[in-house]
Amino acid sequence: MLINNETKLLADYRNDVVLVNNWATWCPPCKAEMPTLSAYYNEHNAEGFTIIAIEAGDMKEAVLQFAQSYNLKFQVWLDPNGAALKAFGNGSLPNSYVIDRSGPVRYAWTGEINKVMLEKYVTPLLMEN
């Protein structure tokens with residue numbers, strides 16, 4: 001569920017390179033990586049890159065305040081019951097998955113993402129047709 005109570009599916013982004021990021025408002029490495037994710041998204045969104053940040057269980061108001069304070073422009077989804085963590089089988093935060101335009105997960109990371117990782121692994125996927 002999105003912060004604004006809409007429901008979306010990952011399949012809705014099939015033609016994009018998608019980074020799914022499981023995170024929480026209370027998680028220090030999650031907070032540390034948000035400016036990097038935000039800057040990379042702002043730079044590459046027009047190339048068919050999107051981020052779906054799935055917040056792991058905090059209240060809607062806290063998530064909304066966090067998203068606003070970091071000026072996040074990408075999708076922020078609420079996961080009040082931890083379904084995404086269960087689906088990905090990884091309860092460590094943050095954890096991220098890069099899905100290419102045709103649908104397979106190409107990369108999986110646990111821990112804070114940095115710009116070097118994004119440029120090395122995600123940018124080449126954006127250049128593939």
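Where is the place of Asn71? In this predicted model, Asn71 is found in the loop that lies between helix H2 (60-69) and strand E3. The backbone of Asn71 adopts a positive phi of about 55°, although this residue is not a glycine. Most residues other than glycine have a negative phi, and most peptide bonds are trans. With a relative accessibility of 46%, a value that falls between the limits of 20% for buried and 50% for exposed, Asn71 therefore counts as partly exposed. A further backbone feature occurs in the loop between helix H3 (83-88) and E4, where Pro94 is located; the peptide bond from Leu93 to Pro94 is cis, with omega near -10°.

Asn71 is also one of the residues in contact with Ser38, together with Tyr70, Leu72 and Phe74, when the neighbours of Ser38 within four places in sequence are left aside. Ser38 belongs to helix H1, and, because its relative accessibility is 7%, Ser38 counts as buried.

The strands form an open sheet of five members in the order E3-E2-E1-E4-E5, and the pairing within this sheet is mixed. Strand E3 (75-78) and strand E5 (105-110) occupy the edges, each of them pairing on one side only, and the twist from one strand to the next averages 15°. Strands of a sheet pair through backbone hydrogen bonds, either parallel or antiparallel. The parallel sense is found for strand E2 (residues 49-55) and E3, which are paired over four bridges, and in this pairing Leu78 of E3 is the bridge partner of Glu55. The antiparallel sense is found for E4 and E5, which are joined by five bridges, with Val98 standing opposite Tyr107 in E5. E4 and E5 form a hairpin in which five residues lie between the two strands, and Gly103, within the turn, has a positive phi of about 120°.

Within strand E2 lies Ala53, which, because its relative accessibility is 0%, counts as buried. Apart from residues up to four places away in sequence, Ala53 touches Asn21, Trp23, Phe74, Gln75, Val76 and Trp77. Phe74 thus recurs in the description, being in contact with Ser38 as well as with Ala53. The C-alpha atom of Ala53 is separated by 9.4 Å from that of Ala24, and these two residues are 29 residues apart along the chain.

Helix H4 (residues 115-127) lies across four of the strands, namely strand E1 (17-23), E2, strand E4 (95-99) and E5, and runs at about 165° to E5. Two packed helices are described by the angle between their axes and the distance between the axes. For helix H1 (residues 28-44) and H4, the axes come within 11 Å and cross at roughly 30°; since angles under 35 degrees count as roughly parallel, H1 and H4 are therefore roughly parallel to each other. The crossing in which H1 passes H4 is right-handed. On the side of H1, the contact involves Thr36, Leu37, Tyr40, Glu43 and His44, which meet Lys115, Leu118, Glu119, Val122, Thr123 and Leu126 in H4. By residue class, this contact of H1 with H4 comprises five nonpolar, three polar and three charged residues.

Key: Residues are numbered from 1 along each chain as its sequence is written. This is a predicted model: local features need pLDDT of at least 70, side-chain atom pairs count only at pLDDT 80 or more; totals for chains, interfaces and linings use all residues. Side-chain values use heavy atoms; hydrogens and water are left out. Two strands pair if DSSP finds at least two bridges between them. Axes are lines fitted to C-alpha atoms, for helices over the stretch in contact, and angles run from 0 to 180 degrees between N-to-C directions. Contact means heavy atoms within 4.5 Å. Buried means under 20% relative accessible area, exposed over 50%, partly exposed in between (1.4 Å probe, protein chains only). Angles under 35 degrees count as roughly parallel, over 145 as roughly antiparallel, 65 to 115 as roughly perpendicular and the rest as oblique. A crossing is left-handed if the near helix is turned anticlockwise from the far one by less than a right angle, and right-handed if clockwise. Ala, Val, Leu, Ile, Met, Phe, Trp, Tyr, Cys and Pro count as nonpolar, Asp, Glu, Lys and Arg as charged, and the others, Gly among them, as polar.
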